[in-house]
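The report below follows the strands, helices and core of one protein chain, and then turns to a few individual residues.

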Amino acid sequence: MLPKKYRLTKENDFKIIVKQGKSFFIKELGIKYFKNNLDYSRFGFIVSTKIDKRATVRNKIKRRLREIVYQNLSKIKPGFDILILTKPEIKNLDFLQLKEKLEKIFKKIGFL
RNA sequence: UAGGUAGAUCAGAUGGUCGCUCCGAAAUUUAAUCGGAGAGGAAAGUCCGAACACCCACCAACCUAAAAGGUUGGUUAAAAAGGUAACGGCUAACAGCCGUCGUCCGCAAGGAUAGGGGUGCGAACAGAGACGGGUUUGUUCGUAAGAACAGACCUACCCUUUCAAAAGGGUAAGCUUGGCAGUAAUGCCAAGGUGAAACGGCUAAAUCCCUACCGGGUGAAAGGGAGAAAAUCCCGUUCGAGUUCGAGAGUAAUCUCGAACCUAGAUUAAUGACCAUCAACUGGCAUUUUCUAAUGCCAGUACAGAAUUCGGCUUAUGAUCUACCUAGCUU
RNA sequence: GGGCGAGUGGCGGAACGGUAGACGCACUAGCUUCAGGAGCUAGGGGGAGAAAUCCCGUAGAGGUUCAAAUCCUCUCUCGCCCA
């Protein structure tokens, strides 16, 4: 699980990333990132009701994503606010598949 | 054995690796360390009801020379507006719950039901409701009498009689009065002699009204504080109509008394991620077997996530247990 | 977290509780034209049937009613508002 220090909390932070960040997408999920002025990176996760109406399902996806980020935290390049976005197809992935896909994205944009 | 009815309970367990939030300790700039706690029966839908806060209305007392205004307390009374409704009870309150009555459904166990009066409706059902009779309007035909067609209105409890649905007589339900049972709704019984289109049918889901009862509205984004202000933070916000156990009252809902306990407080939103073993159930395959079934292997594990807090209702949903009813078979 | 509204032919959208689909766009057929467009005329929810006609149809499921797109309850989907 991810300590609070590494999470994005403010409405404003989200708005800046959405507006000004760079992005990269694959079929099941995507990423947006923007430079911050800290010596560590922070992460936010968006799983909307369009992906699933049930809160339990959405929470589980978020928890899994956070776990994957936590496991890779020491390796990920510091100094960025990173937003992870999701699409409905993400429901069909199990933990290992999800991990593989997310790590692939991080490698693609050179953060890992 | 099959089918059904009602109710109750649980919401997999143990271990391993790595974590999150809050509280406490020491420490105090953080970080790190140790200890403790950490989702539901529906947390859901937001369909009702309350607590709580503010606003409105009204009442009382006080301040004020008076008015205006203000302060405090309250919702007893009145008004407005809105609502509630078989009867009796429970509750903080409710459209909830318990018990009872009526009506309807079911062979039964049982289930359903917001159940006062009028207006309005009948194109459906019931009714012999057709045909006929009477009155009347229009059109056509006809010299006229009248006929045909179409429409409107009136006309049916039973018996006697009659052309008649004219007259006479009688009666079910209802109505009035009385008795018994019941707190009551209501039920049973008796008497009276009013009673003809006395039919159908309706309510949360057309509309109006009587009577009785209830002050109304807005929702925690209420509302209050820190801050010059904004940003932001804090309070509200986690001890409560609280939980467990025992005793008593009551048919029950529920209430009273006693003891013990503290039991989530997040805010891009914690309460987890992954793995192993075992248990239960379901499905598939294989083997044995007349079948039931047994064994092995593989796969799967219901609905679903607190957000100010409670009480209900509704909807979603896996499994187990208990009691009862109906039918069949055996003894 | 709280509140409000909508769902009807292919599309947009009407319809006091009383014959469902007015009206517009698009579509099909015919007329017109050398041809196309425009214009004019006609047509159409689905199923059964030779036809007359019957049955099913207003997001879905129940209910009230003699009768429901309309009224009530639940569910689903979509949209909007409060910051």
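In this predicted model, strand β2 (residues 29-35) and strand β4 (residues 80-86) run antiparallel to one another and are paired over 7 bridges. Within this pairing L29 has T86 as its bridge partner in β4, K32 is matched with L83, and K35 stands opposite F80. Helix α1 (residues 11-20) packs on the sheet to which these strands belong, where the helix touches β1, β2, β3 and β4, and the direction of α1 makes about 105° with that of β2. Helix α2 (residues 55-71) also packs on the sheet, but its contacts are with β3 and β4, and its direction makes about 155° with that of β3.

The sheet as a whole is open and consists of 4 strands in the order β1-β2-β4-β3, with mixed pairing. Because β1 (22-25) and β3 (42-46) stand at the edges and each has a single partner strand, one side of each is left without a neighbour in the sheet. On average, and with direction ignored, neighbouring strands are turned by 20° against each other. The three pairings can be set side by side as follows.

| Strands | Sense | Bridges | A facing pair |
|---|---|---|---|
| β1 and β2 | antiparallel | 4 bridges | F25 and G30 |
| β2 and β4 | antiparallel | 7 bridges | K32 and L83 |
| β3 and β4 | parallel | 5 bridges | F43 and I82 |

The connection between β1 and β2 is a hairpin through 3 residues. At the other side of the sheet, the parallel strands β3 and β4 belong, together with α2, to a β-α-β unit, and this unit is left-handed.

How many of the residues of β4 are buried? The count is 7 of the 7 residues, so β4 is largely enclosed by the rest of the structure. For β2 the corresponding count is 5 of the 7 residues, so that strand too is largely enclosed. In a regular strand the side chains alternate between the two faces of the sheet. In β4, F80, I82, I84 and T86 point one way while D81, L83 and L85 point the other way, and all of these residues are buried.

The largest nonpolar core of the model comprises 27 residues, and those with the most contacts inside it are F43, I82, I84, L102, F106 and F111. Two or more residues of this core come from each of the elements β2, β3, α2, β4 and α3 (95-108). In soluble globular proteins, nonpolar side chains tend to be buried together. The surroundings of I82 give a view of this core from one of its members: leaving aside neighbours within four places in sequence, I82 is in contact with L8, I31, K32, Y33, R42, F43, G44, I76, F106 and F111.

Two buried polar residues deserve a separate description. T86 lies in strand β4 and has a relative accessible area of 14%, which means that T86 is classed as buried, the cut-off being under 20%. A polar atom of the T86 side chain lies 2.8 Å from the backbone oxygen of I46. When residues up to four places away in sequence are not counted, T86 touches E28, L29, I46, V47, I51, I61 and L65, so that I46 appears both in this set of contacts and as the residue whose backbone oxygen faces the T86 side chain.

The other residue, N36, lies in the loop between β2 and β3 and is likewise buried, with a relative accessible area of 9%. Which side chain makes a polar contact with the side chain of N36? That partner is D81, at 2.8 Å, and D81 is itself one of the buried residues of β4. Beyond neighbours within four places in sequence, the contacts of N36 are with R42, G79, F80 and D81.

Lastly, G110 lies in the segment after α3 and is partly exposed, with a relative accessible area of 39%. G110 and Q20 are separated by 90 residues in sequence, and their C-alpha atoms are 19 Å apart in space.

Methods: Residues numbered from 1 in each chain as written. Chains lettered and ligands numbered in written order. Predicted model: local features only at pLDDT ≥ 70, side-chain atom pairs only at ≥ 80, totals over all residues. Heavy atoms only, no water. Pairing = 2+ DSSP bridges. Axes fitted to C-alpha atoms, helices over the stretch in contact; angles between N-to-C directions. Contact = heavy atoms within 4.5 Å. Buried < 20%, exposed > 50% of the residue type's maximum accessible area, 1.4 Å probe, protein only. Right-handed = clockwise from strand over helix to strand, strands pointing away. Polar contact = N/O pair within 3.5 Å; in protein donor to acceptor, adjacent residues only side chain to side chain. Core = buried A, V, L, I, M, F, W, Y, C linked by side-chain atoms within 4.5 Å.
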